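Work through the exercises below with the sequence and the model open beside you. Try each task before you read the solution that follows it.

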Amino acid sequence: MKRSATSLFLFFVMLTVATGFKSDGNRPAEGIQWLTIKEAYAKIQKEPRKVLIDVYTDWCGWCKVMDRETFKNKAVVEYVNRKYYAVKLNAEQKKAIMLGDKKFEFISEGGRGVHQLALALTNNQPSYPTTVFLDDKFTMIQPLPGYMKPKEFHQVITFIGEDYHKKQAFEDYKSKTYNTLFAAK
């Protein structure tokens, strides 16, 4: 009797565990849907969209804080996934990257070395983290070096994502337009 009760208990535990981890195909994916730069480049050819690139290094403390706080913020995640192709680019990766007919390689000079693509995206002034914005033709809009808190980052991504960067100064957008569009954020 005791043995069958134990077997029955284990069966229900296994059933609960098995069904508890079942994925729900209708639930939106959690977190920013990060792509490689090559994936974003390929997608932009088929469905044009702005590109947001997080240029980081593995040793960068502020990069980790931005990952943990800013890139996990619900409003940031929703907006980035809807309006951008989001890319993570390790500035010290050793693997060469082909974009179209241009090849970018790792340069091993200096203390740690740096990837040519990271240099190009940061206007030869590497700083980590740097968030780089490209338009839907893969042309530079703006690199922004440094850590940004979630609200500040949301202001920037909506300013660029909605093309306000073409119409008004960022300070005007922050103080007037942003507050009317995103009062609850």
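## Exercise 1: Two helices that meet

Helix α4 passes helix α6 in a left-handed crossing, where left-handed means that the near helix is turned anticlockwise from the far one by less than a right angle, and right-handed that it is turned clockwise. The contact is made by Ala75, Val76, Tyr79, Val80 and Lys83 on the α4 side, and by Pro150, Phe153, His154, Ile157, Thr158 and Gly161 on the α6 side, with contact meaning heavy atoms within 4.5 Å. Helices (H or I, at least four residues) and strands (E, at least two) are DSSP runs, numbered from the N terminus.

Before going on, note that this is a predicted model, in which local features need pLDDT of at least 70 and side-chain atom pairs count only at pLDDT 80 or more, while totals for chains, interfaces and linings use all residues. Residues are numbered from 1 along each chain as its sequence is written, and side-chain values use heavy atoms, with hydrogens and water left out.

**Task.** At what angle do the axes of α4 and α6 cross, and which word describes how the two helices lie to each other?

**Solution.** Begin with the axes, which are lines fitted to C-alpha atoms, for helices over the stretch in contact, with angles running from 0 to 180 degrees between N-to-C directions. The axes of α4 (residues 74-83) and α6 (residues 150-161) come within 10 Å and cross at roughly 20 degrees. Next, compare this with the cut-offs: angles under 35 degrees count as roughly parallel, over 145 as roughly antiparallel, 65 to 115 as roughly perpendicular and the rest as oblique. The helices α4 and α6 are therefore roughly parallel to each other.

**Task.** Which residues of α4 are buried, and what do they pack against?

**Solution.** Buried means under 20% relative accessible area, exposed over 50%, and partly exposed in between (1.4 Å probe, protein chains only). In α4, the buried residues are Ala75, Val76, Val77, Tyr79 and Val80. The buried residues of this helix pack against β2, α3 (61-70), β3 and α6. Finally, look at the start of α4, where a side-chain oxygen of Asn73 reaches to within 3.0 Å of the backbone nitrogen of Ala75.

## Exercise 2: Polar residues in strands

**Task.** Is Asp54 buried or exposed, and which side chain does it join in a polar contact?

**Solution.** First place Asp54, which is found in strand β2 (residues 50-56). With a relative accessibility of 2%, Asp54 counts as buried. Its side chain and that of Lys88 are joined by a polar contact of 2.5 Å; such a contact is a pair of N or O atoms within 3.5 Å, and within protein one must be able to donate a hydrogen and the other to accept it, while residues adjacent in sequence count only if both atoms are side-chain atoms. Not counting residues up to four places away in sequence, Asp54 also touches others, including Trp34, Asp67, Phe71 and Pro129.

**Task.** What does the side chain of Asn90 reach?

**Solution.** Asn90 belongs to strand β3 (residues 84-90) and, at 13% relative accessibility, counts as buried. Its side chain reaches the backbone nitrogen of Glu92 at 2.9 Å, and a polar contact of 3.4 Å joins it to the side chain of Asp58.

## Exercise 3: A disulfide and some backbone angles

**Task.** Which residues does the disulfide join, and why is it called right-handed?

**Solution.** A search of the whole structure finds one disulfide, that is, a pair of cysteine sulfur atoms within 2.5 Å. It joins Cys60 to Cys63, with an S to S distance of 2.4 Å, and both of these residues are buried. The torsion about the S-S bond of Cys60 and Cys63 is about 85 degrees, so the disulfide is right-handed.

**Task.** Where is the cis peptide bond, and what is the phi of Asn124?

**Solution.** Most residues other than glycine have a negative phi, and most peptide bonds are trans. A cis peptide bond joins Tyr128 and Pro129, with omega about -5 degrees, and Pro129 is found in the loop between α5 (116-121) and β8 (130-134). Asn124, which lies in the loop between α5 and β8, has a positive phi of about 60 degrees although it is not a glycine. With a relative accessible area of 58%, Asn124 is exposed.
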